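Trainee: I would like a close look at one part of this model. Please take me through the salt bridges and what surrounds them.

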Amino acid sequence: MDMDGSTSSTSTSFHDFLHRMRHPASLNLVRPIKSFIVSFSFYQPKPENDANRVQDFFLSMEVAIRDHPLWATATEEDIDCAMEGLEKYIMTKLFSRTFSASPEDAKIDHEISEKICLLQTFLKPEHLDIPAILHNEASWLLAEKELQKINAFKAPHEKLLSIMNCCRVINNLLLNTAISEHVPAGADDFLPVLIYVTIKANPPKLHSNLKFIKLYRRQAKLISEAEYYFTNLVSAKTFILDLNAKSLSMDEIKFEESMQAAKLTYNVTSKLSSTCQMSQQGKNECNFSNKMHNKLDDTGVCQALQHGSNYPYMEAKSEELAVEDVDILLSHYKDLVAKYTTLCKAINSLTKQEREPLLHHLEMQGAGSLLSQHCGINTHK
């Protein structure tokens, strides 16, 4: 359940809608609904046209529901619940057709996600001029978790609730801080905090989710608080896409250096994953590559190389070993060789310009020369 119980009420609306639709008297409502869903296959996918068709259908069905005997004594709240149920039913059925419908959507999603991955390695609250009194990791984490739920739903209303719950956490943080610190509530601080939370959360398919809500949430419901929070997240997405050194309180040279270091790490981890998928080594290499992908920061490769110190027998002497230790040692040896082979392949596939600063950094950690000598890394590529 979401923090305000809205997901529960949405679920109730949906089940009530389905229950009424099973009533024999609702047949003259069921038929046009099914016909509308089937009719979508007759048209070429085109988001704007699809959205207009859906919005027009919602309006016509609202009139039909209001005039229907099953809703003869219905309140406005009952009608709204029925329409919420209808929206969820229609958009769940049409989800594969309407969500991230074009290659361009997928491209923008990837671009945003990749840029956020880079920013996560160095961006701090002060770079967005977020006041120290608003630095609240617990609230930020809660807001992140709410925003990350957005991809778990297919209904526009439920996706929008994820955004609203995230923004309400931030808004409560601003209000509580204002009360406790006896300062005016900083409306100007809302967007910077939302931008920071969005970068920390890196919600999947952010662009596609926002576009889906904009096109398919009933227009009469994308108003007031919902519209305000939704518009702010759209602004946050745009800010992140366009973000450069001038967008931040950060030295331009430092920003460029941080971005280049982040890109280098990102390239290495991507190549490690690619090598993992193509490798015949299987389980051991893939486990290593996944760990690299999840844990790497700007010195992540060095940390991976240092994992060798976690192996048993590092301090053991030959006379202390028993016969049964041989199989364990052989297993660890194979595992270590597989990991180094994967790492070497990834680094050797980099360009000279990419590889040289990385090897220099590794040498500072005592690992670069080891890789060059024993993994056959071509330093002149």
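Mentor: Here is a walk through the salt-bridge network, followed by some other parts of the chain. Keep in mind that this is a predicted model.

Start with the general idea. Side chains of opposite charge can pair when their charged atoms come close. In this structure the count comes to 15 salt bridges. Some of them join up. Asp-80, Glu-84, Glu-87, Arg-217, Arg-218 and Lys-221 are linked in a network of salt bridges.

Take Glu-84 and Arg-217. Their side chains meet in a salt bridge, with N to O at 2.8 Å. Glu-84 sits in helix H4 (residues 76-93), while Arg-217 sits in the loop between H10 and helix H11 (224-242), so this pair ties together parts that are 133 residues apart in sequence. Are these two residues buried or exposed? Both Glu-84 and Arg-217 are buried.

Glu-84 also forms a salt bridge with Arg-218, and here the closest N and O atoms are 3.3 Å apart. Arg-218 lies in the loop between H10 and H11 and Glu-84 in helix H4, so the pair ties together parts that are 134 residues apart in sequence. Both Glu-84 and Arg-218 are buried.

Now go back to Arg-217. The side chain of Arg-217 meets that of Glu-87 in a salt bridge of 3.0 Å, N to O. Glu-87 belongs to helix H4 and Arg-217 to the loop between H10 and H11, so this pair ties together parts that are 130 residues apart in sequence. How buried are they? Arg-217 has a relative accessible area of 3%, so it counts as buried under the 20% cut-off. Glu-87 counts as buried because its relative accessibility is 0%.

Next, look at helix H10 itself. Of the 11 residues of H10 (residues 206-216), 9 are buried, so the helix is largely enclosed by the rest of the structure. Among the buried ones are Leu-206, His-207, Phe-212 and Tyr-216. Before H10 comes a loop from helix H9 (190-201), and Asn-202 is found there. Asn-202 has a positive phi, near 45°, in a residue other than glycine. Asn-202 is buried, at 15% relative accessible area.

Compare another loop residue. Asp-129 is found in the loop between H6 and helix H7 (137-148). Asp-129 also has a positive phi, about 60°, although it is not a glycine. But Asp-129 is exposed, with a relative accessible area of 54%.

Helix H6 gives you a simple check. H6 (residues 103-120) has 18 residues, and at 1.5 Å a residue they should span 26 Å; the end C-alpha atoms are 26 Å apart, which agrees. The buried residues of H6 include Ile-108, Ile-112, Ile-116 and Leu-119. An α-helix has 3.6 residues a turn, so residues three or four places apart point the same way.

Finish at the surface. Asp-251, Glu-252, Glu-256 and Glu-257 form a negative surface patch. Glu-256 is in helix H12 (residues 252-278). Glu-256 counts as partly exposed, at 38% relative accessibility. A nonpolar surface patch of about 350 Å² is made by Val-38, Phe-42 and Tyr-43. Tyr-43 lies in the loop between helix H2 (27-39) and helix H3 (47-66). Tyr-43 is partly exposed, at 40% relative accessibility.

Terms used
Residues are numbered from 1 along each chain as its sequence is written. This is a predicted model: local features need pLDDT of at least 70, side-chain atom pairs count only at pLDDT 80 or more; totals for chains, interfaces and linings use all residues. Side-chain values use heavy atoms; hydrogens and water are left out. Patches are made of residues with over 30% relative accessible area and no salt bridge: like charges are joined within 9 Å, nonpolar side chains (Val, Leu, Ile, Met, Phe, Trp, Tyr) within 5 Å. Accessible areas come from the Shrake-Rupley method with a 1.4 Å probe; for residues, only the protein chains shown count as cover. A salt bridge is a side-chain nitrogen of Lys or Arg within 4 Å of a carboxyl oxygen of Asp or Glu. Lys and Arg count as positive and Asp and Glu as negative; His and the chain ends are not counted. The place of a charge is taken as NZ of Lys, CZ of Arg, CG of Asp or CD of Glu. Helices (H or I, at least four residues) and strands (E, at least two) are DSSP runs, numbered from the N terminus. Buried means under 20% relative accessible area, exposed over 50%, partly exposed in between (1.4 Å probe, protein chains only). The expected span of a helix is 1.5 Å times one less than its number of residues.
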